[in-house]
Protein chains: 2
Amino acid sequence: MFYGTYTYKIDEKGRVPLPPNFRRQTKGSVMLKRGMDRCIEVYPTDVWDKLAGELAARVVSPLKRRRLNRIVFGSAFNASFDKQGRIMLPAGLREYAAITDVAAVVGANDRIELWNEKLLEEEKTIAEQQESQIIEEFGV
Amino acid sequence: MFYGTYTYKIDEKGRVPLPPNFRRQTKGSVMLKRGMDRCIEVYPTDVWDKLAGELAARVVSPLKRRRLNRIVFGSAFNASFDKQGRIMLPAGLREYAAITDVAAVVGANDRIELWNEKLLEEEKTIAEQQESQIIEEFGV
DNA sequence: AGATTTGTGGGGAAAAGTGGGGAAATTTGG
DNA sequence: CCAAATTTCCCCACTTTTCCCCACAAATCT
């Protein structure tokens, strides 16, 4: 389970550390993917494999499956940690998420997300407004 | 069950003791989370695990689930007690709750809350005014 | 009163965050 | 197809933060 929000600098080489907590829950490498919400999604390889399997099983229409496969797998990268616990962010993903010099690393239960700090703030504001009734109801 | 209100200093390293009562009801570590009401919520790990499990089961819409995961898990931290019964408060949570040099520790049934003293006073005033009918209705 | 628990403060070792060098690999251009 | 330029990957080094231990005074309990 991933939780917590951390802020890290990105060096000129495009490297970002992940929190030690998160590293220990992965086995040396992770899968990166363009997120739905202007962020970069990061999965441990085993979670990724499970998602990939479910994807194939869930979508029945061949055309839809081809397209979904293109989007999901076409935007995916494998990234492995260096000795300092950093991964390299592909330029394309970084641009998509508007991550330049600082990245917010968010543990979101089964996945990790990398955000531009400002965009994350906006997203959380919107989410809190829209979901406050769920949160209230849920009691957390 | 947590009850009572205690006031503790926060040292320069950002550490706060929890009352011995409360410590004994946890197993060495707790989960911290940004509360809805400008406070820090503290859960025993078993309570937290139960909440987290229910969360995933309850929300069906993918977007809503992503957002709720961000809010709930993204603001959560694990904190374990040192030999003196203190936990470290992450800077982000401390700022959110406006806790600087003193913290009010409130036992609130199944959870513990950490407050800025003044904010807690205001909250209690408002709560008593607004919720007096609730207290009358449900109160003992 | 004496012993134990509790609140508060710090010191020091270990870990984590940050930055860069240089060899290997890949890409680019002639 | 080869050489130059760029990128990637694997080290190393330094600074800051965190974590774990000890210390001591005040309060509490027996």
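**Cores and DNA contacts in a predicted model**

Student: Which residues touch the most other members of the largest nonpolar core?
Tutor: This is a predicted model, in which local features need pLDDT of at least 70, side-chain atom pairs count only at pLDDT 80 or more, and totals for chains, interfaces and linings use all residues. Residues are numbered from 1 along each chain as its sequence is written, chains are lettered from A and ligands numbered from 1 in the order in which they are written, and side-chain values use heavy atoms, with hydrogens and water left out. A nonpolar core is a set of buried Ala, Val, Leu, Ile, Met, Phe, Trp, Tyr and Cys residues joined through side-chain atoms within 4.5 Å, where buried means under 20% relative accessible area (1.4 Å probe, protein chains only). The largest has 42 residues, and those touching the most other members are A:Leu18, A:Leu32, B:Leu18 and B:Leu32.

Student: How many residues does the second, separate core have?
Tutor: This core includes A:Ile135 from chain A, and B:Met31, B:Trp48 and B:Leu68 from chain B. Its residue count is 16.

Student: Which residues are the closest to DNA strand C?
Tutor: A residue is near a strand if one of its heavy atoms lies within 4 Å of it. DNA strand C is surrounded by 21 residues. The closest are A:Tyr8, A:Lys13, B:Tyr8, B:Lys13 and B:Gln84.

Student: What share of the DNA strand C atoms that come within 4 Å of the protein is sugar and phosphate?
Tutor: The surface near DNA strand C has four nonpolar, two polar and 15 charged residues; Asp, Glu, Lys and Arg count as charged, Ala, Val, Leu, Ile, Met, Phe, Trp, Tyr, Cys and Pro as nonpolar, and the others, Gly among them, as polar. For the strand atoms within 4 Å of the protein, the sugar and phosphate share is 43%.

Student: What is the distance from a base oxygen of DNA strand C to an N or O atom in the side chain of A:Lys13?
Tutor: A polar side-chain atom of A:Arg86 lies 3.0 Å from a base nitrogen of DNA strand C. For A:Lys13, the partner on the strand is a base oxygen, and the distance is 2.3 Å.

Student: Which side chain has an N or O atom 2.7 Å from a base nitrogen of DNA strand D?
Tutor: The side chain of A:Lys13 has an N or O atom 3.3 Å from a base nitrogen of this strand, and for B:Lys13 the value is 3.4 Å. The 2.7 Å distance belongs to A:Gln84.

Key:
A polar contact is a pair of N or O atoms within 3.5 Å; within protein, one must be able to donate a hydrogen and the other to accept it, and residues adjacent in sequence count only if both atoms are side-chain atoms. Buried means under 20% relative accessible area, exposed over 50%, partly exposed in between (1.4 Å probe, protein chains only).
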